[in-house]
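The following exercises concern a pocket and two helices. Please work through each task before reading its solution.

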Amino acid sequence: MHVKWLALPLAMLLGMSAQAADKVKIGFISTLSGPLAALGTEIRDGFRLGLDETGNRIGGLPVEVVEGDDQANPGVGKQLADKFIKRDKVDFMTGVVYSNVMMAVGAPTFAARTFYISAAAGPASLAGAQCNPYFFGLAWQNDGQSEAMGRHMSDKGYRRVVIMAPNYTGGKENLEGFKRTFKGSVADEIYVKLGELDFASEIARIRAQKPDALFFFLPGGMGINFIKQFQAAGLAREVPYFVPGYSADEDTIQALGEAMVGLQNSSHWAWDLDNAANRNFVARFQQRYGRLPSMYAFQGYDVVRLLDRAVADVKGKIEDKRALHDAIAAARFESVRGAFKFNTNQFPINDFYLRVVQKDESGRVTNKTIGKIMTAHTDSYAGACKMKNP
């Protein structure tokens, strides 16, 4: 059910107090098998690269990582979380992709007063009334990218659209986010099973509506299969389509190639953002893995950078929950997205960019950042969060 990979202690950090921990244990639970595994693999690759750069240390302490595959199944995720917390006694948790799994993993994690740093899932409940001092949404609140695309499509004059997503927490929240900022009408709102790969009936529904445009959020292999089938049906020539960035990221582009050229998408990060930390990350990731990183990879990498700084700031005294919480919340690390700040609900305040898939001078098909849609955007749920002390 799980594997371990770790760096054995070489020496105690010089000058560390007697009360400090002798190592940091991290539970990494993600979707690592099946048709939805690409995103979990991206998070893990970025996470491992981050640890490689720190010499497999967090805040100067040796790291042990306990890894498990949740199979995109909330029940499996909860079992892993219970095991990692009770048996392995991890200090931190991370890695979950899907929000329904996150809610199952979160319950035992928070009850154990264990900090969860999210590299992906950002359910609205944890951003609002159920916000928790032990949850930090490093990546996003689920609605954000779709809110950005709703605004962009309104600005471009689309007035009647079809929207589509998987029938789970993240899918529903993405469509709610889109509707929040889109000023036109929704002709049809389509939900499909998470992991669905055959979209014949959905494509027929879209054709029947004759919309101005289509907006969809279909993660991982779902998006790859949908775009192939949508284009094969000839509908791509009739209905322009737009997506949040996770449905047009580098993993999807790698699978589809030139079929994605021209697709506009919204994201809080891009591999071509011009800052030193991002340039270093992209170069190191390409060198190690032979491909451009996706946003999931950067988020896994940023988890390491955030924890490394926070544990250093408390001088390894990770048993002091209040001090550790404050160090994480301060976010005194250099994010590869640029300037970073947590909101009062411990979700990020993000800029959102417009990207377009194109073929560059070398013939490579990839995203190019062409503008900014939103600046310092806060999620719609923070006002309902009454954050408690840990």
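**Exercise 1.** State the volume of the largest pocket and determine which elements contribute to its lining.

*Solution.* In this predicted model, the largest pocket has a volume of about 150 Å³. Helix H9 (250–256) and strand E14 (365–377) are the elements that give two or more residues to the lining. H9 supplies the largest share, four residues. By character, the lining divides into three nonpolar, four polar and four charged residues; among the lining residues are Glu250, Asp251, Arg291 and Arg364.

**Exercise 2.** Establish whether helix H1 is largely enclosed or not, starting from its burial.

*Solution.* Helix H1 covers residues 37–53 and spans 25 Å from its first C-alpha to its last, close to the 24 Å expected. Burial requires under 20% relative accessible area. Twelve of the 17 residues of H1 are buried, so the helix is largely enclosed by the rest of the structure. The buried residues include Leu39, Ile43, Phe47 and Leu51, as well as the charged Glu42, Arg44 and Asp45. Just after H1, Gly55 adopts a positive phi of about 70 degrees.

**Exercise 3.** Locate the kink in helix H3 and identify what covers the buried residues of this helix.

*Solution.* Helix H3 (residues 99–111) reaches 18 Å, close to the 18 Å expected. The kink, of about 30 degrees, lies at Val105, shortly before Pro108. Val105 and Pro108 are both buried, and Met102 and Phe110 are also buried. The cover of the buried residues includes helix H2 (74–86), strand E6 (115–118) and helix H6 (169–181). Just after H3, Arg113 takes a positive phi of about 60 degrees.

Notes
Residues numbered from 1 in each chain as written. Predicted model: local features only at pLDDT ≥ 70, side-chain atom pairs only at ≥ 80, totals over all residues. Heavy atoms only, no water. Expected span 1.5 Å × (residues − 1). Buried < 20%, exposed > 50% of the residue type's maximum accessible area, 1.4 Å probe, protein only. Bend = angle between axes of the 7 residues up to and from the residue. Contact = heavy atoms within 4.5 Å. 1 Å grid on protein atoms, 1.4 Å probe; cavity = no way out; pocket = protein on both sides within 12 Å on 5 of 7 lines; lining within 4 Å. Points joined across faces, edges and corners; volume = space filled by probe spheres on them.
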